[in-house]
Amino acid sequence: KAEILGLDAGVIAVGKAADLTILDLHKEWVVDSGTFYSKGKSTPFDDMILKGKAVATIVDGEIVMKDGEVLR
């Protein structure tokens, strides 16, 4: 938790930094390690169909990822 680390974070409220990840729990997708943004491409899940995917990420109130596209 943020409070253990002494961070003013981890709360969804007016006036707080909006750091959120929005999930679509019903979205099915195929893992393709070739599309990973990380340099590490090794995964036991390559080519597996999974259910549930992050569809947007917001950092400090700014959308930084939407539908798999990094915007900044």
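In this predicted model, strand 2 and strand 3 form a hairpin with 2 residues between them. One residue of that turn, D60, has a positive phi of about 50 degrees. Strand 2 covers residues 49-59, and strand 3 covers residues 62-66. The two strands run antiparallel and are joined by 4 bridges. At the turn end of the pairing, V59 has E62 in strand 3 as its bridge partner.

The hairpin belongs to a broader arrangement. An open sheet is built from 4 strands in the order 1-2-3-4, with antiparallel pairing. Strand 1 and strand 4 are the edge strands, each pairing on one side only. Strand 1 spans residues 20-30, while strand 4 spans residues 69-70.

Going through the remaining pairs, strand 1 and strand 2 are linked in the antiparallel sense over 8 bridges. Within this pair, W29 stands opposite L50 in strand 2. On the other side of the sheet order, strand 3 and strand 4 also run antiparallel, joined by 2 bridges. Here K66 is found opposite E69 in strand 4.

The loop between strand 1 and strand 2 offers some instructive contrasts. S33 is found in this loop, and so is S42. Which of these serines is buried, and which is exposed? S33 has a relative accessible area of 9% and is therefore buried, the cut-off being under 20%. S42, with a relative accessible area of 77%, is exposed because its value is over 50%. Leaving aside residues up to four places away in sequence, S33 touches K41, T43 and D46. For S42, a long-range separation can be added: its C-alpha atom lies 33 Å from that of E3, and the two residues are 39 residues apart along the chain.

The backbone of this loop deserves a look as well. D47 is another residue of the loop between strand 1 and strand 2. Its phi is positive, about 70 degrees, although D47 is not a glycine. D47 is also exposed, with a relative accessible area of 62%.

A comparable backbone feature occurs further along the chain. D67 sits in the loop between strand 3 and strand 4. Its phi is near 50 degrees, a positive value in a residue other than glycine. With 62% relative accessibility, D67 counts as exposed. Readers checking backbone torsions may thus wish to look at D60 in the hairpin turn, D47 and D67, each with a positive phi.

Finally, the segment before strand 1 brings in a surface feature. L5 is located in this segment. Is L5 buried or exposed? Its relative accessibility is 64%, so L5 counts as exposed. Together with I4 and L7, L5 makes a nonpolar surface patch of about 360 Å².

Terms used
Residues numbered from 1 in each chain as written. Predicted model: local features only at pLDDT ≥ 70, side-chain atom pairs only at ≥ 80, totals over all residues. Heavy atoms only, no water. Patch = residues over 30% accessible without salt bridge, like charges linked within 9 Å, V, L, I, M, F, W, Y side chains within 5 Å. Areas by Shrake-Rupley, 256 points an atom, 1.4 Å probe, with all protein chains shown as cover. Salt bridge = Lys/Arg side-chain N within 4 Å of Asp/Glu carboxyl O. Buried < 20%, exposed > 50% of the residue type's maximum accessible area, 1.4 Å probe, protein only. Pairing = 2+ DSSP bridges. Contact = heavy atoms within 4.5 Å.
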